[in-house]
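Me: Please take a close look at a single part of this model and work outward from it to the rest of the chain. I would like the cut-offs behind each term as you go.

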Amino acid sequence: PLFIYNFLIGLLSELSINQLQVGEKLIYQFPTSVAEVSINIVLNIILIPRYGAVGAILATLSSSIVTDLLLFYYGNKAISLPVPKMKLFNMYMIFFLGTLPAF
């Protein structure tokens, strides 16, 4: 179930990559990729010895969330879309809280 969160949050980056392409600001993908790799390596070193496979999933999920949020920020910086950010946040919170009892 944790890996499903990765795909749900990944929808933000799908939208943002299109914004960056249209705005011709693809250079913003480089720092986000570096951040993702760096965060993933550090969290893998920390979490895998403690939690095993679940630690690897948590590391991947955490680095993906940071990258998707960075891409969302840079995408809106390149071309601003009227996305209601509070509504989007509430939708994600309802999803996370709704799936929390599964854990």
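Reply: Asparagine 76 sits in helix α3 (helices are DSSP runs of H or I with at least four residues, strands are runs of E with at least two, and both are numbered from the N terminus). The model is a predicted one, in which local features need pLDDT of at least 70 and side-chain atom pairs count only at pLDDT 80 or more, whereas totals for chains, interfaces and linings use all residues. Residues are numbered from 1 along each chain as its sequence is written, and side-chain values use heavy atoms, with hydrogens and water left out.

With a relative accessible area of 14%, asparagine 76 counts as buried (under 20% is buried, over 50% exposed and anything in between partly exposed, using a 1.4 Å probe and protein chains only). Setting aside residues up to four places away in sequence, asparagine 76 touches Gln19, Leu81 and Lys85, a contact being heavy atoms within 4.5 Å.

The helix that holds asparagine 76 has 26 residues, and its first and last C-alpha atoms are 37 Å apart, close to the 38 Å expected at 1.5 Å a residue (the expected span is 1.5 Å times one less than the number of residues). The buried residues of α3 include Ser64, Thr67, Leu71, Phe72 and Tyr74. Serine 64 belongs to this helix, which covers residues 53–78, and is buried because its relative accessible area is 8%; beyond its neighbours within four places in sequence, serine 64 is in contact with Asn6 and Glu36. Phenylalanine 72, on the same count of sequence neighbours, touches Leu12, Ser16, Val83, Lys85 and Leu88.

Phe72 also joins Ile9, Leu12, Leu88 and Tyr92 in the largest nonpolar core, five residues in all (such a core is a set of buried Ala, Val, Leu, Ile, Met, Phe, Trp, Tyr and Cys residues joined through side-chain atoms within 4.5 Å). To this core, α1 (2–22) and α4 (85–99) each supply at least two residues.

Helix α2 (residues 29–51) contains threonine 32, a buried residue because its relative accessibility is 2%. Apart from neighbours within four places in sequence, threonine 32 is in contact with Thr67, Leu70, Leu71 and Tyr74. A polar atom of its side chain lies 3.3 Å from the backbone oxygen of tyrosine 28. The 23 residues of α2 should span 33 Å at 1.5 Å a residue, and its end C-alpha atoms are 30 Å apart, which agrees. There is nevertheless a kink of about 35° in α2, centred on asparagine 44, where the bend is the angle between axes fitted to the seven residues ending there and the seven starting there. After α2 comes glycine 52, with a positive phi near 70°.

For the chain as a whole, four helices and zero strands are assigned, and buried residues make up 25% of its 103 residues. Of the contacts with a separation of 6 or more, 75% come from residues 24 or more positions apart. The average pLDDT, which is the predictor's confidence in each residue from 0 to 100, is 83, and 96% of the residues score at least 70; confidence is lowest in α1, at a mean of 75, and highest in α2, at 91.

Technical notes: A polar contact is a pair of N or O atoms within 3.5 Å; within protein, one must be able to donate a hydrogen and the other to accept it, and residues adjacent in sequence count only if both atoms are side-chain atoms.
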